[in-house]
Structures are given as structure tokens and as C-alpha cells.
Amino acid sequence: MADKLKFALAVLLLVAGIAGFYLLAEQAMILRVLAVLAGAALAVAVAWQTEPGRQFFGFARDATTEAKKVVWPSRKETVQTTGLVFAFVVVMAVFLWLTDKGLEWVLYDLVLGWRQS
């Protein structure tokens, strides 16, 4: 129950920060943005104290660790792969164009007997 209350407080703090942005409409933009950031920071701090919040932040930490393990392709591999994709697209475009023109010729000239001008 305490976690639910803390989470509700976190949501309330976030909403208060957003409301502060609109309530400070006549103030400088920096103050308005700071109100939102303060509300978000306080909401995160309170949410961190709940069990679901700790689980979420643990998951986010683990996800970041796993993302760092990804082996990204080199520039050469990226350029080669991009070239292959472009070549495939051109080949498919020519194939589909030839198929379209072939079906057009069969349908209009042979089956229907219409002549294209």
C-alpha cells in the first residue's frame, strides 16, 4: 500500500510540474521549463523509492549494459550493406517494371486487341 501511495505522489508531482508550466505563463520560459524539470525530478526521486520503481530502474540499468555489448558494424560494412540494398531495390524495380509492361502487353494487345498509342 505504501508503494501505491508513493507512486501516486510521484504522479502528482509530475502533474504539478506540468501545471506549473501553465500557471507561470507570464514568467520567463526558463522558469517554466525549470518547473517541469523540478516536478519530473521529484517524481523520479519518489518513484525510485517504490519497489516497482527500483525494479524499473534496475531493468533500465541492465538494458543499458546490454546495449553497450552490441557490436556495431564498421563504416565499411555499413557502406557495403547499403550498396547491396540499393542494388536489390534497382533490380526489383526493373523486374516489376518488366512484369508490368509484359502483363500490359498481354492484356491490352493479345487478349483485348487494343492498341496503345
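Guide: A salt bridge here is a side-chain nitrogen of Lys or Arg within 4 Å of a carboxyl oxygen of Asp or Glu. The model is predicted: local features need pLDDT of at least 70, side-chain atom pairs count only at pLDDT 80 or more, and totals for chains, interfaces and linings use all residues. Residues are numbered from 1 along each chain as its sequence is written, and side-chain values use heavy atoms, with hydrogens and water left out.

Visitor: How many salt bridges does the count come to by this rule?
Guide: Side chains of opposite charge can pair when their charged atoms come close. By the rule, the number of salt bridges is three.

Visitor: Which residue meets Lys101 in a salt bridge?
Guide: Helices are DSSP runs (H or I, at least four residues) numbered from the N terminus. Lys101 sits in helix α4, and its partner is three residues away, so about one helical turn separates them. The N to O distance is 3.3 Å. The partner is Glu104.

Visitor: What is the relative accessible area of Glu104?
Guide: Buried means under 20% relative accessible area, exposed over 50%, and partly exposed in between (1.4 Å probe, protein chains only). Lys101 is partly exposed at 37%. Glu104 is also partly exposed, at 22%.

Visitor: Which residue forms a salt bridge with Glu66?
Guide: The closest N and O atoms are 3.2 Å apart. Glu66 is partly exposed, with 45% relative accessibility. Its partner counts as exposed, at 56%. That partner is Lys69.

Visitor: In which helix do Arg54 and Glu51 both lie?
Guide: Their side chains form a salt bridge, 3.3 Å from N to O. Arg54 is partly exposed at 41%, and Glu51 is partly exposed at 36%. The two are three residues apart, about one turn. Both lie in helix α3, residues 51–68.

Visitor: How far apart are Pro52 and Asp3 in space?
Guide: Pro52 lies in helix α3 and is partly exposed, at 49%. In sequence, Pro52 and Asp3 are 49 residues apart. In space, C-alpha to C-alpha, the distance is 7.9 Å.

Visitor: How is α1 oriented to α2?
Guide: Axes are lines fitted to C-alpha atoms, for helices over the stretch in contact, and angles run from 0 to 180 degrees between N-to-C directions. The axes of α1 (residues 2–23) and α2 (residues 29–48) come within 7 Å and cross at roughly 175°. Angles under 35 degrees count as roughly parallel, over 145 as roughly antiparallel, 65 to 115 as roughly perpendicular, and the rest as oblique. So α1 and α2 are roughly antiparallel.

Visitor: How many nonpolar residues does the contact of α1 with α2 have?
Guide: Contact means heavy atoms within 4.5 Å; residues making it include Leu13 and Phe21 of α1 and Val36 and Leu42 of α2. Ala, Val, Leu, Ile, Met, Phe, Trp, Tyr, Cys and Pro count as nonpolar, Asp, Glu, Lys and Arg as charged, and the others, Gly among them, as polar. The contact has three polar and two charged residues. The nonpolar number is 15.

Visitor: Which residues of α3 do Val44, Ala47 and Trp48 in α2 meet?
Guide: The axes of α2 and α3 come within 7 Å and cross at roughly 105°. The two helices are therefore roughly perpendicular. In α3, the residues met are Gly53, Arg54 and Phe57.

Visitor: How far apart are the end C-alpha atoms of helix α4?
Guide: The expected span is 1.5 Å times one less than the number of residues. Helix α4 (residues 75–111) has 37 residues, so it should span 54 Å. The distance in the model agrees, at 52 Å.
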